[in-house]
Amino acid sequence: MPYLLRKLLFLLLTLWVAVTLNFILPRLVPGDPIGAMLAKYQGRFTLDSIDALRVAYGLDDKSTPIQQYFTYLWKLLHGDLGRSISLYPTPVVEVLGTIAPYTIGLVGFATVMAFLLGSAMGVYSAWRRGDLIADNLPMLALFLNSMPYFWLALLLLFFLAYKLSLFPLSGALDPFPGPAFSAGWWKSLLWHGTLPALTIVVTSAGGWLLTMRNNVISVMSEDYVAFARAKGLPNGRILSRYVLRNALIPSFTGFGMALGFVVGGSVLVEVVFSYPGLGLYLNNAVYALDYPLMQAIFLMIAAAVLLANFVVDMLYSVLDPRVRDGGAA
């Protein structure tokens with residue numbers, strides 16, 4: 001079977017499993033949104049109002065689980081993700097359309113920056129071994145990589161936002177930033193996103209540094225690099241032509257997977273900074289037992305990870321034809 005078709009079938013099968021689990025798991029959670037509301041507003045609901053809420057939220061479905069499953073698949077194929085319970089009556093699609101750009105913009109930018117910065121420092125650390133800065137970079141990377149990002153987020157929030165008032169404490173925009181995509185709007189967006197992005201970059205770059213450093217050191221020990229040196233080729237050409245090209249392939253796979261997790265966002269970072277992205281709304285949906293919103297966000301995360309892996313597999317087969325031909329990578 002051709003490589004592309006095999007990967008495509010695996011993608012569709014995995015996506016079907018993810019969709020099925022997405023249907024089953026919320027139904028295993030004890031309680032329902034009405035129960036959560038009754039606990040919150042004790043004694044304020046009559047029996048009639050409870051029945052009305054069940055009808056409004058679509059919780060009065062008496063069909064069998066199998067029928068509900070096929071109804072769920074049918075609606076999903078038609079882009080109907082239901083209505084959010086905690087934000088009723090807003091459709092879930094509309095909620096996702098509002099919050100997803102914040103997470104994709106913030107976490108996507110931070111992930112790309114962390115990869116580029118960490119990989120560049122990893123190459124420098126491996127290529128310039130013996131240099132004081134290059135030899136100490138791995139220790140700095142280990143320290144940053146082991147640091148919990150929510151802990152760094154709290155430190156930045158306390159000192160830079162609360163004590164020094166250099167950055168806002170929460171949110172993604174000022175209350176009145178001006179028209180969308182105007183200069184004032186972009187300034188407000190960047191000002192609010194600086195600390196969350198800095199948190200992700202600082203705690204993620206260390207991992208990319210260590211990975212790239214190990215890759216470069218491994219490639220530098222190969223015979224073809226020694227042969228290139230023996231031929232008297234310039235160091236710049238050896239680095240760009242023989243070392244970087246081969247050292248980037250393993251990191252490229254990890255980068256593709258990291259991009260897939262961008263949709264999920266860094267949940268704790270968004271919660272700490274009250275950044276209105278997918279992570280913060282997922283946290284709120286779990287507490288409110290907002291099943292439609294939880295299902296939609298989980299499905300979006302799963303689909304993004306699977307799609308990113310598929311794209312990486314395709315690009316990997318271009319970079320290394322042995323993968324496409326079934327040979328050892």
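This report covers helix α6, an aromatic cluster and the annotated transmembrane segments of a predicted model.

## Helix α6

Helix α6 runs over residues 132-145 and has 14 residues. From the first C-alpha to the last, α6 reaches 21 Å, close to the 20 Å expected at 1.5 Å a residue. A kink of about 25° is nevertheless present in α6, centred on Pro138.

At the N-terminal end, α6 is capped by Asp131. A side-chain oxygen of Asp131 lies 3.1 Å from the backbone nitrogen of Ile133.

## Packing of α6

The buried residues of α6 are Ala134, Leu137, Pro138, Ala141 and Leu144. An α-helix has 3.6 residues a turn, so residues three or four places apart point the same way. The buried residues of α6 pack against two other helices, α5 (92-127) and α8 (183-220).

## Pro138

Pro138, at the centre of the kink, has a relative accessible area of 13%. The cut-off for buried is under 20%, so Pro138 is buried. Not counting residues up to four places away in sequence, Pro138 touches Ser125, Leu209, Leu210 and Arg213.

Pro175 follows 37 residues apart from Pro138 along the chain, and the C-alpha atoms of these two prolines are separated by 42 Å.

## Aromatic pairs

The structure holds 10 aromatic pairs. One of them is formed by Phe23 and Tyr72, with ring centres 5.5 Å apart and planes at 35°. Planes under 30 degrees apart would count as stacked and planes over 60 as edge-to-face, so the Phe23 and Tyr72 pair is tilted.

This pair links distant parts of the chain: Phe23 sits in helix α1 (residues 3-28) and Tyr72 in helix α4 (residues 65-77), 49 residues apart. Phe23 is buried at a relative accessible area of 6%, and Tyr72 also counts as buried, at 13%. Ring pairs join Phe23 and Tyr72 with Tyr69 and Phe70 in a cluster.

## Annotated transmembrane regions

An unreviewed UniProt entry carries the annotation "transmembrane region" for residues 99-127, 148-169, 189-210, 247-273 and 293-312. Over residues 99-127 the model is 100% helix and 0% strand, with the end C-alpha atoms 42 Å apart. Over residues 148-169 the chain is 68% helix and 0% strand, and here the end C-alpha atoms are 20 Å apart.

How values were computed:
Residues are numbered from 1 along each chain as its sequence is written. This is a predicted model: local features need pLDDT of at least 70, side-chain atom pairs count only at pLDDT 80 or more; totals for chains, interfaces and linings use all residues. Side-chain values use heavy atoms; hydrogens and water are left out. Rings of Phe, Tyr and Trp (its six-membered ring) pair if their centres lie within 6.5 Å; planes under 30 degrees apart count as stacked, over 60 as edge-to-face and the rest as tilted. Helices (H or I, at least four residues) and strands (E, at least two) are DSSP runs, numbered from the N terminus. Buried means under 20% relative accessible area, exposed over 50%, partly exposed in between (1.4 Å probe, protein chains only). UniProt positions are given in the numbering used here, feature names are shortened, and annotations may be inferred rather than shown by experiment. The expected span of a helix is 1.5 Å times one less than its number of residues. The bend at a residue is the angle between axes fitted to the seven residues ending there and the seven starting there. Contact means heavy atoms within 4.5 Å. A polar contact is a pair of N or O atoms within 3.5 Å; within protein, one must be able to donate a hydrogen and the other to accept it, and residues adjacent in sequence count only if both atoms are side-chain atoms.
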